[in-house]
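Student: I'd like a close look at a single part of this chain, with its surroundings built up step by step. Could you take me through it?

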Amino acid sequence: MNAIEIILIGISLSCDAFAVAFSKGISIKKIKIYHAIKIGLFFGIFQGIMPIIGYLLSNSLSIYLVRFSHLIGFIILFVIGFNMYKSDTEEQNDLLDFKTMIPLSIGTSIDALAVGFTLTFMVESIYLPCITIGFITFTLSMFAVLFANKIKDKVSSSPQKFGGLILILLSLKMLIEFLSLI
C-alpha cells in the first residue's frame, strides 16, 4: 500500500468526523481555537487508534464487530443528535466534555475499526497508516469546526438544531448501511 492510498483512506474515514465536527462548530456559540483543537484531537486520536484495534482483533472478533459496527454508530450518533436537536439551550460548550466526545469519537471511528481488519492483509506495519489517518482526521475536524463557526449565522436561525439534524442524518446513513449488509 502506497502513501497516496493511505491518504485517500484517511480522507474517506474522516468524512464522518468532519460532519460531526461541523455540527459541533455550528452548535458552539462562541468558538475558541482550543474548541477546534479539542474536537480535532478526540476524532483524530480515535480514528488513529481504531484501525490498530481492528488490526489486533482481526482474527478473533472481526466478524461480529464488522457486522454490527454500523448499528453501533447509528445508535450513538442518533441519540446524541436527537438530544442536540431537542435541547433548548443555546450554549453548547458543555457538549465538549468526555461523556459526550467519547461516544461521538467512537461512533465516527467505527469504520476505521473495520479498515484495521483489512489493513492486516495490506501493510507490514499498521502504525504509519494509523498516524496518517489520525493526522488527516485531526486536521479536517479542526477545519470543520472553524469553518462551521464562520458560516453558522448564514446556515440557520437555530444552529444547535441544525447540528443535531446533521448527526441524525449521519446516523440514518449508518443504519441504511447496516441494513444493506443483512
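Student: In which helix is the place of Ser 141? Please start there and work outwards.

Tutor: Happy to. Ser 141 has its place in helix H5, and please keep in mind that we are looking at a predicted model. Helix H5 covers residues 127-155.

Let's begin with the serine itself. Ser 141 has a relative accessible area of 0%, and because the limit for calling a residue buried is under 20%, Ser 141 counts as buried. What does Ser 141 touch, leaving aside residues up to four places away in sequence? The list is Ala 17, Phe 18, Ala 21, Gly 40 and Phe 43. Helix H1 spans residues 3-27, and helix H2 spans residues 33-56, so you can place each of these contacts on the model as you read.

Phe 18 is a good bridge to the next feature. Phe 18, Phe 22, Phe 143 and Phe 147 make up one aromatic cluster. The structure has 6 aromatic pairs in total. In the pair of Phe 143 and Phe 147, the ring centres are 5.8 Å apart and the planes meet at 10°, so this pair is stacked. For the reasoning here, the centres have to lie within 6.5 Å and the planes have to be under 30 degrees apart. Both Phe 143 and Phe 147 belong to helix H5, with their positions 4 residues apart, or about one turn of the helix. Neither ring is hidden in the way Ser 141 is: Phe 143 is partly exposed at 47% relative accessible area, and Phe 147 is partly exposed at 37%, whereas Ser 141 is buried at 0%.

Helix H5 also contributes to something on the outside. Leu 146 joins Ile 33, Tyr 34, Ile 37, Leu 41, Ile 45, Ile 49 and Ile 53 in a nonpolar surface patch, whose accessible area together is about 680 Å². Helix H2 supplies the largest share of that patch, namely 7 residues. One of the patch members, Ile 49, is found in helix H2 and is partly exposed, with 43% relative accessibility.

Now to the charged side chains. As background, side chains of opposite charge can pair when their charged atoms come close. The structure holds 2 salt bridges. One of them joins Lys 173 to Asp 16, and the closest N and O atoms there are 3.6 Å apart. Lys 173 sits in helix H6 (residues 159-181) and Asp 16 in helix H1, so this pair ties together parts that lie 157 residues apart in sequence. The two partners differ in their cover: Asp 16 is buried at 6% relative accessible area, while Lys 173 is partly exposed at 35%.

Lys 173 also forms a salt bridge with Glu 177, with the closest N and O atoms 3.3 Å apart. Here the partners are both in helix H6, 4 residues apart, so about one helical turn separates them. Glu 177 is partly exposed, at 25% relative accessible area. Taken together, Asp 16, Lys 173 and Glu 177 are linked in a network of salt bridges.

Leu 172 belongs to helix H6 as well, and it is partly exposed at 34% relative accessible area. The C-alpha atom of Leu 172 is 9.7 Å from that of Leu 71, although 101 residues separate the two along the chain.

What about the cysteines? Cys 15 is partly exposed, with 46% relative accessible area, while Cys 130 is buried, at 3%. The structure holds 0 disulfides.

Finally, let's step back to the whole chain. There are 6 helices and 0 strands, running α-α-α-α-α-α from the N terminus on. Of the 182 residues, 47% are buried, and Ser 141 counts as buried too. Among contacts with a separation of 6 or more, 92% are between residues 24 or more positions apart. The accessible surface of the chain is about 9400 Å², and carbon and sulfur atoms account for 73% of it.

Methods
Residues numbered from 1 in each chain as written. Predicted model: local features only at pLDDT ≥ 70, side-chain atom pairs only at ≥ 80, totals over all residues. Heavy atoms only, no water. Phe/Tyr/Trp six-rings, centres within 6.5 Å; stacked < 30°, edge-to-face > 60°. Helix = DSSP H or I, 4+ residues; strand = E, 2+ residues; numbered from the N terminus. Buried < 20%, exposed > 50% of the residue type's maximum accessible area, 1.4 Å probe, protein only. Patch = residues over 30% accessible without salt bridge, like charges linked within 9 Å, V, L, I, M, F, W, Y side chains within 5 Å. Areas by Shrake-Rupley, 256 points an atom, 1.4 Å probe, with all protein chains shown as cover. Salt bridge = Lys/Arg side-chain N within 4 Å of Asp/Glu carboxyl O. Disulfide = S-S within 2.5 Å. Contact = heavy atoms within 4.5 Å.
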